[in-house]
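Work through the exercises below with the sequence and the 3D view open. Try each task before reading its solution.

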There are 2 protein chains.
Amino acid sequence: MDSETRTRTEQVMDIVRARIDRRVLTPGAALPSVRAMAAATGFSKSTVVEAYDRLAADGAIRSRPGAGFFVSAPLAPLTLDRIAPAAEREVDPVWMLRQSLSYGAGAFTPGCGWLPADWMPEAQVRKALRHAARGDAEGTLTGYASRLGSLPLRTLLARRLEDQGLAAAPDQILLTESSTQALDLVSRFLLEPGDTVLVDDPCYFNFLALLRAHRAHVVGIPMTPQGPDTAAFAAALARHRPRFYLTNSANHNPTGATLWAVTAHHILTLAEAHDLVVIEDDIFADFEHSPAPRLATFDGLDRVIRIGSFSKSVTAAMRCGHIAARPDWIEALADLRVATAMSGNPLSAGLVHAVLTDGGFRRHIEGVRTRLARARAATIARLRRHGIEPWLEPTGGPFVWGRLPDGRDAAKVARAALTEGIVLAPGNVFSASGIWGDYMRFNVAMSDDDRLSAFFARALR
Amino acid sequence: MDSETRTRTEQVMDIVRARIDRRVLTPGAALPSVRAMAAATGFSKSTVVEAYDRLAADGAIRSRPGAGFFVSAPLAPLTLDRIAPAAEREVDPVWMLRQSLSYGAGAFTPGCGWLPADWMPEAQVRKALRHAARGDAEGTLTGYASRLGSLPLRTLLARRLEDQGLAAAPDQILLTESSTQALDLVSRFLLEPGDTVLVDDPCYFNFLALLRAHRAHVVGIPMTPQGPDTAAFAAALARHRPRFYLTNSANHNPTGATLWAVTAHHILTLAEAHDLVVIEDDIFADFEHSPAPRLATFDGLDRVIRIGSFSKSVTAAMRCGHIAARPDWIEALADLRVATAMSGNPLSAGLVHAVLTDGGFRRHIEGVRTRLARARAATIARLRRHGIEPWLEPTGGPFVWGRLPDGRDAAKVARAALTEGIVLAPGNVFSASGIWGDYMRFNVAMSDDDRLSAFFARALR
């Protein structure tokens, strides 16, 4: 056997191993016939026979007389990298998540999605902790949560939803650890691997990482300043038969867009016609100046599942999110949650309830809204000085979606920033389509800062 | 069309609808040909044609000229009931979980898996909360956790593992919300739907509910008082090519069995030969009198993944579990965790760390061990008075696995108990095989109680 023959054989072996590795071929699966493999790869049948024989000798595959070859290798563990699309970008949602949670104490993080510590209601959180330490009922500090989670918090949430025009009984609400866990649970409830999900393009980058972990096929709907493009939405519904549409309506992440009533109505009409479930992540509700339309409110929790959390407005250190949905779905979701996470965190629920009902909290949030409005104006002015143009001027929320001058590659700029301890959020991590490569998301609470100007003065020179 | 014909047509329609409902047929999937369906069901081809036409008229399927019929119905949401085995038992793991977390304040719960409130270190938890309320570093009460979770707690866990003879660096440890969430994450990392998992028979009932949610094929290995039956283990490895083996070694739930060194060595040798991953849930480690062998310790975290939590010994109200594993697996698990849950709970981690390092905690746990030993002896004596014989007399932990007299159906007894506000844990919820139908798991911390005797005196009469 000469060296060239060995090389060809090894190429075929590599193809088979890669298919096993990527789970295209799973244990017990039949390999293509020698003839089919030869046709597909362009190698000769004798090369394929040689490759199959050697893989069988290695134990990676085995032959069943008369039936062909079958995969015997143990499965390779699933990693997000492995299930990523073929044309993986280096600066991707997983990269963004790693940066967001791994930065050191000295890092400057205008690309992150949360408010700085001194914008958070720390005084109310401390007060809630002192209150919890005194406690009253035995076992509340050491026992499991009830199945749906704290009734006082669910009752309070139901009242807050009613204030938004959404009637939901407390038993239509399931407490979770976070809105991410809420979305994960709902995805588990609704998705099979390979199902299509519609998202906004751009959208919150962790939506893409989470849906990738569920092996969903993600289709982006271009955003407009009034919400998703309804013509593209209608076309995607007809073409892809998606399982659900995932969005955040108010203070859209990352664009800051606000859903218009006409868009909400159109989206829901299309959803009804195609029996589509809609998941609305309302995580920035507390940062809104005047209430914008919500899909959940228009729909009344018939086909819309509303998720949210208090990580942005109360505390991210005490995980507490929620799902509001049809009662039968909440029942099924509660079973799934118990099976996969046992119980919620009753301490976190109690602390969040204490903060929300503290008289100081309403004043605090009003102060945050005013502060955000000022910071937003200052950030936009500062970005414009560097030639960075906002896609729109948001009416609420923490984000500005800005376009770098001269079609600069935001991923390259973000990578350069990271070498200086600055975490930025480049457009491509928010988009499955990759059409937002010259955009960045700025957190206005951290972006009106001379360090950012100094960096851009050099980087965009 | 006469009525009999209509009935046959509807039977075929029901078969198709059930397949869609159970996701045997997913949207876009081709239906069997008319000929194949007729052959498979025994109905005539004209009946099948009629059924397909009517399903198409209903919109459940659609025809593509020249290509046959395809499913068009939206997917039915996934529920644990729907993915349950065909011969579903009414009193199943999901039933048990619902009872466990839904009982009212007045319920008596000798079937539950946790210790009563007055056995928990509430004083230390209160102290930890007061300490947290004072806080020192800005943002620790409102910010996200780092990617792997609190370094002080991971360092402490690494030291505790080292005390057990298991060398693990802090970056080999990922904090989670609970050992259930830890197992869920690992299952997500390793499993594809349809993969086989080995469990002990009997095993902790939530293992079965969780694996069902992952659509794993579960194979039970009969337990012996020295650990799993190694001959059955070897046979299952050869026959099923399982993806992993899931067990808890010390104070086995529900039997109270202790793993012997000879069994541990044999299991690991077999696991190595078959490249099998082992997941060891060490949740009852704190309740052990003298340390029993652990698979993780014998293996040194090569193919064993160790999971655990402090829900049983510190508090279940502040969710805090962990995974110890190979560094590359921890990296991948951390990515998956961020994508599906964003961040851990830094407050819970800080509180658990404070309790564990409190001088009073060691004394508290020693007291719990002594109290458990006394309660165990008293429970066994009490059960024997009712003809309930323990499978073995455990050397540690909270459980006794007892056999009802005269082959009584434990599920029936548990259902009768529930009408009196008593939550019991019948054997069938712990077993995929259903061979433990006359057993019950008793929590010794709640079972030396006259209410239990009064119930059994009537129920076992």
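Axes are lines fitted to C-alpha atoms, for helices over the stretch in contact, and angles run from 0 to 180 degrees between N-to-C directions. Helices (H or I, at least four residues) and strands (E, at least two) are DSSP runs, numbered from the N terminus.

The model is predicted: local features need pLDDT of at least 70, side-chain atom pairs count only at pLDDT 80 or more, and totals for chains, interfaces and linings use all residues. Residues are numbered from 1 along each chain as its sequence is written, chains are lettered from A and ligands numbered from 1 in the order in which they are written, and side-chain values use heavy atoms, with hydrogens and water left out.

**Exercise 1. Two helices from two chains**

Find the angle at which α7 of chain A and α12 of chain B pack, and list the residues that meet.

Step 1. Locate helix α7 at residues 179-190 of chain A and helix α12 at residues 327-341 of chain B.

Step 2. Their axes are 6 Å apart, and the packing angle is about 90 degrees. Therefore α7(A) is roughly perpendicular to α12(B); that term covers 65 to 115 degrees.

Step 3. From α7(A), Thr180(A), Gln181(A) and Asp184(A) meet Val338(B), Ala339(B), Thr340(B) and Ala341(B) of α12(B). Contact here means heavy atoms within 4.5 Å.

Step 4. Sorted by class, this contact has 3 nonpolar, 3 polar and 1 charged residues. Ala, Val, Leu, Ile, Met, Phe, Trp, Tyr, Cys and Pro count as nonpolar, Asp, Glu, Lys and Arg as charged, and the others, Gly among them, as polar.

**Exercise 2. Chain A as a whole**

State how many helices and strands chain A has, and what share of its residues is buried.

Step 1. Chain A has 17 helices and 14 strands.

Step 2. Of its 461 residues, 60% are buried, that is, under 20% relative accessible area, while exposed means over 50% and partly exposed is in between (1.4 Å probe, protein chains only).

Step 3. The C-alpha trace of chain A spans about 80 × 60 × 45 Å along its principal axes.

Step 4. Among contacts in chain A with a separation of 6 or more, 74% come from residues 24 or more positions apart.

**Exercise 3. The open sheet and strand β8**

Trace the sheet of 8 strands in chain A, then describe the surroundings of β8(A).

Step 1. The strand order is β3-β10-β9-β8-β7-β4-β5-β6, and the pairing is mixed. Two strands pair if DSSP finds at least two bridges between them.

Step 2. β3 (173-176) and β6 (227-228) of chain A are the edge strands, each pairing on one side only.

Step 3. Strand β7 (residues 244-247) runs parallel to β8 (residues 277-281) in chain A, and 4 bridges join them. Phe244(A) has Val277(A) as its bridge partner, and Tyr245(A) stands opposite Val278(A).

Step 4. β8(A) also pairs with β9 (residues 304-309) of chain A, in the parallel sense over 4 bridges. Here Glu280(A) stands opposite Arg306(A).

Step 5. In β8(A), 5 of 5 residues are buried. Val277(A), Ile279(A) and Asp281(A) point one way, and Val278(A) and Glu280(A) the other way.

Step 6. Together with helix α10 (residues 261-273) of chain A, β7(A) and β8(A) make a right-handed β-α-β unit: with the strands pointing away from the viewer, the path from the first strand over the helix to the second runs clockwise.

**Exercise 4. Backbone exceptions**

Find the cis peptide bonds at Pro202(A) and Pro254(A), and the positive phi values at Arg215(B) and Met342(B).

Step 1. Most residues other than glycine have a negative phi, and most peptide bonds are trans.

Step 2. Asp201(A) and Pro202(A) are joined by a cis bond with omega about 10 degrees. Pro202(A) is in the loop between β4 and α8 of chain A.

Step 3. The bond from Asn253(A) to Pro254(A) is also cis, with omega near 10 degrees. Pro254(A) lies in the loop between β7 and α10 of chain A.

Step 4. Arg215(B), in the loop between α8 and β5 of chain B, has a phi of about 55 degrees. Arg215(B) is partly exposed, at 23% relative accessible area.

Step 5. Met342(B), in the loop between α12 and α13 of chain B, has a phi near 65 degrees. Met342(B) is buried, at 5% relative accessible area.

Terms used:
Angles under 35 degrees count as roughly parallel, over 145 as roughly antiparallel, 65 to 115 as roughly perpendicular and the rest as oblique.
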